[in-house]
Amino acid sequence: GSKANYLYGVRPGEVAPGRELYRPGRSYTGGLGLSGSYRFNENWMMQADVALTFLSSDLRDSPIVDGRALPRVLFGLLRLF
């Protein structure tokens, strides 16, 4: 789809040595993740998110992708009003 082309494709104006023109076909992703939060008191909270997204072969074949899966780690400290 168009989102896969935007995220994993290489358009004509983006071609460079080692990065040839590429348009993925139909593709899918799946993943696993874990998230949680801890509230210190009524004004402060910490949030964490860890995930791994697995790519279909059409996305892995992209010249701008360097693996089978994409890791994500997010941490946040929130001030509540």
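How many bridges join S2 to S3? In this predicted model, 11 bridges connect S2 with S3, and the two strands run antiparallel. Residue numbers start from 1 along each chain as its sequence is written. Because the model is predicted, local features need pLDDT of at least 70 and side-chain atom pairs count only at pLDDT 80 or more, while totals for chains, interfaces and linings use all residues, and side-chain values rest on heavy atoms, with hydrogens and water left out.

Confidence is expressed as pLDDT, the predictor's confidence in each residue on a scale from 0 to 100. The protein averages a pLDDT of 92, and 99% of the residues score at least 70. Helices (H or I, at least four residues) and strands (E, at least two) are taken as DSSP runs and numbered from the N terminus. Among these elements, strand S2 (residues 44–55) has the highest mean pLDDT, 97, whereas helix H1 (residues 2–8) has the lowest, 85.

The strands form an open sheet of three, in the order S1-S2-S3 and with antiparallel pairing, where two strands are said to pair if DSSP finds at least two bridges between them. Strand S1 (29–39) and S3 stand at the edges with a single partner strand each, so one side of each has no neighbour in the sheet. From one strand to the next the twist averages 10°, with axes fitted as lines to C-alpha atoms (for helices over the stretch in contact) and angles running from 0 to 180 degrees between N-to-C directions. S1 and S2, which also run antiparallel, are joined by 11 bridges and form a hairpin with four residues between them. Within this hairpin, glycine 31 has threonine 53 in S2 as its bridge partner, and tyrosine 38 stands opposite methionine 46 in S2. On the pairing of S2 with S3, aspartate 49 stands opposite leucine 74 in S3.

Accessibility was classed by relative accessible area, with buried meaning under 20%, exposed over 50% and partly exposed in between (1.4 Å probe, protein chains only). By this criterion S1 is hardly covered, as the count of buried residues among its 11 residues is zero. Tyrosine 38 is partly exposed at 49%, and phenylalanine 40 is likewise classed as partly exposed, at 45%. The structure holds one aromatic pair; the ring centres of tyrosine 38 and phenylalanine 40 lie 5.1 Å apart with their planes at 80°, so this pair is edge-to-face. Pairing here applies to rings of Phe, Tyr and Trp (its six-membered ring) with centres within 6.5 Å, planes under 30 degrees apart counting as stacked, over 60 as edge-to-face and the rest as tilted.

In soluble globular proteins, nonpolar side chains tend to be buried together. The largest nonpolar core has five residues, namely Ala4, Tyr8, Leu55, Leu59 and Val65, a core being a set of buried Ala, Val, Leu, Ile, Met, Phe, Trp, Tyr and Cys residues joined through side-chain atoms within 4.5 Å. When residues up to four places away in sequence are not counted, valine 65 touches Tyr8, Leu55, Leu59 and Arg60, contact meaning heavy atoms within 4.5 Å. Serine 62, located in the loop between helix H2 (57–60) and strand S3 (69–79), is buried with a relative accessible area of 3%. With the same sequence neighbours left out, serine 62 touches Tyr8 and Tyr22.

Two further residues illustrate the surroundings of H1 and of the loop that follows. Asparagine 5 lies in helix H1 and counts as buried at 17% relative accessibility. Leaving aside neighbours within four places in sequence, asparagine 5 is in contact with Arg23 and Pro24, while its C-alpha atom is separated by 14 Å from that of serine 57, 52 residues apart along the chain. Arginine 26, by contrast, lies in the loop between H1 and S1 and counts as exposed at 81% relative accessibility. The C-alpha atoms of arginine 26 and leucine 59 are separated by 9.1 Å, the two residues being 33 residues apart along the chain.
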